[in-house]
Amino acid sequence: MYLIPDFNSVMGPFCMIFVTLEHILTHLSFSIISIVITIHLMTLLIPEIRGLHNSSEKGIIVTFFSITGLLVIRWISSRHFPLSNLYESLIFLSWSFSIIHMISKIWNHKNDLSPITAPSAIFTQGFATSGLSSEMHQSSILVPALQSQWLMMHVSMMLLSYAALLCGSLLSVAFLVITFRNNIDIFCKSKIFLIKSFFFGKIEYWNEKKSVFNKYTSFLSFRNYYKYQLTQRLDYWGYRVISLGFIFLTIGILSGAVWANEAWGSYWNWDPKETWAFITWTIFAIYSHTRTNQNLQGTNSALVASIGFLIIWICYFGINLLGIGLHSYGSFT
């Protein structure tokens, strides 16, 4: 009589291997992305060093595959998609930032998203690795509510939407900062103009203005043109990344409603997580509407996206801090 070996007894010898590989990949990806951030800072200080920029791009690729390997190992060892707790969701969010970085690199060789995606990935993974207790790093058996085929569809779409919306919102924040500084410069120059016109006579002042104008016109026009091009790129990429995230968010909410009906018997329960997800969707729906109106584009739409940046963190992280509602399995406790 032959006995069929139990799955756990077969996988037992491989558990230590999986744990070791997971430990190596976690610290490898974190170390590489830390080096990438350092390289980014060096390229900002010394733009002439182009070789460093290529090294940072290769580092992001290695980080992406390291995090991918980490998620696959946890998937195999736990026998479910690794999105069951806060630690795994943060790792997946870091993976999402990495893949957005790579896709934007394919679309745009300048990769305007690089100063945002790389720091976002390291801060997210750094908090997951060092900010959470070691108990939260352990993979556990899924609670009954999560034992569904909708786990991968719903949670992955929500986290991908968070990553895209956060990147797009940060681009809008950068747009506002540059526009605000530009308006401050214009205000200061206007103020100087009024002061000089008051203290100097008309002839002396216009002679001085003519000489100053001849010296600085070319420099200021180049500087304003560069700022204009930068703000246009920020607005362009911010709109497209947010639009992508809004699609993911819509799919995530709809799939979550179907899953909620299967698990709890109702499509919508006004749970705190569901409520803030709806608020997030509403904010970015308003943003999408402002983009269709030419009078509301630019600063107005960027302000809405900046508000959305705060709402996303409340929806994703703030509710987990409270640990209340039907989604409390993703909390710190």
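Here is a quick tour of this chain, from its overall build down to a few single residues.

The model is a predicted one. It shows a chain of 333 residues, 42% of which count as buried. The secondary structure comes to 9 helices and 0 strands, so to speak an α-α-α-α-α-α-α-α-α run from the N terminus on.

**Annotated spans**

- The unreviewed UniProt entry places the feature "transmembrane region" at residues 24-47, 59-77, 159-180, 237-260, 275-290 and 302-326.
- Take residues 159-180 from that record: in the model this span is 100% helix and 0% strand, and its end C-alpha atoms lie 31 Å apart.
- Residues 237-260 are also on the record's list. Here too the chain is 100% helix and 0% strand, with 34 Å between the end C-alpha atoms.

**How the helices pack**

- Start with α8 (residues 272-292) and α9 (residues 299-322), whose axes come within 9 Å and cross at roughly 165°. The two are therefore roughly antiparallel to each other.
- The crossing of α8 with α9 is left-handed. Sorted by class, the contact between α8 and α9 has 18 nonpolar, 5 polar and 2 charged residues.
- Next come α3 and α4, which pack at an angle of about 165° with their axes 9 Å apart. That makes α3 and α4 roughly antiparallel to each other, and their crossing is left-handed.
- Helix α3 also packs with α9, at an angle of about 165° and with the axes 13 Å apart. This pair, α3 and α9, is roughly antiparallel as well, and α3 passes α9 in a left-handed crossing.

**The largest nonpolar core**

- The largest nonpolar core has 69 residues, and F92, Y162 and Y316 are the ones that touch the most other members.
- Which helices each supply at least two residues of this core? They are α1 (7-45), α2 (50-78), α3 (86-107), α4 (114-131), α6 (150-199), α7 (202-264), α8 and α9.
- The helix that gives the most to this core is α6, with 16 residues.

**Residues far apart in sequence**

- A277 has its place in helix α8. Is A277 buried or exposed? Its relative accessibility is 7%, so A277 counts as buried.
- Follow A277 across to C315: the two are 38 residues apart in sequence, and 6.1 Å apart in space from C-alpha to C-alpha.
- A302 lies in helix α9. With a relative accessible area of 3%, A302 is buried.
- The C-alpha atoms of A302 and L170 are separated by 9.4 Å, while along the chain these residues are 132 residues apart.
- S120 is found in helix α4, and at 13% relative accessibility S120 counts as buried.
- From S120 to C167 there are 47 residues in sequence and 8.3 Å in space, C-alpha to C-alpha.

**Two loop residues**

- S148 sits in the loop between α5 (134-137) and α6. Its relative accessible area is 22%, so S148 is partly exposed; the cut-off for buried is under 20%.
- S148 and A263 are 115 residues apart in sequence, and 8.6 Å apart in space from C-alpha to C-alpha.
- W270 is in the loop between α7 and α8. At 54% relative accessibility, W270 counts as exposed, since exposed starts over 50%.
- What is the phi of W270? It is positive, at about 55°, although W270 is not a glycine. As background, most residues other than glycine have a negative phi.

**To take away**

- The chain has 9 helices and 0 strands, and α8 with α9 is one of its roughly antiparallel pairs.
- Helix α3 takes part in two of the pairings described here, being roughly antiparallel to α4 and roughly antiparallel to α9.
- Helix α6 is the one to look at for the largest nonpolar core, as α6 gives the most residues to it.
- For single residues, compare A302, which is buried, with W270, which is exposed.

Note on methods:
Residues are numbered from 1 along each chain as its sequence is written. This is a predicted model: local features need pLDDT of at least 70, side-chain atom pairs count only at pLDDT 80 or more; totals for chains, interfaces and linings use all residues. Side-chain values use heavy atoms; hydrogens and water are left out. Axes are lines fitted to C-alpha atoms, for helices over the stretch in contact, and angles run from 0 to 180 degrees between N-to-C directions. Helices (H or I, at least four residues) and strands (E, at least two) are DSSP runs, numbered from the N terminus. Angles under 35 degrees count as roughly parallel, over 145 as roughly antiparallel, 65 to 115 as roughly perpendicular and the rest as oblique. A crossing is left-handed if the near helix is turned anticlockwise from the far one by less than a right angle, and right-handed if clockwise. Ala, Val, Leu, Ile, Met, Phe, Trp, Tyr, Cys and Pro count as nonpolar, Asp, Glu, Lys and Arg as charged, and the others, Gly among them, as polar. UniProt positions are given in the numbering used here, feature names are shortened, and annotations may be inferred rather than shown by experiment. A nonpolar core is a set of buried Ala, Val, Leu, Ile, Met, Phe, Trp, Tyr and Cys residues joined through side-chain atoms within 4.5 Å. Buried means under 20% relative accessible area, exposed over 50%, partly exposed in between (1.4 Å probe, protein chains only).
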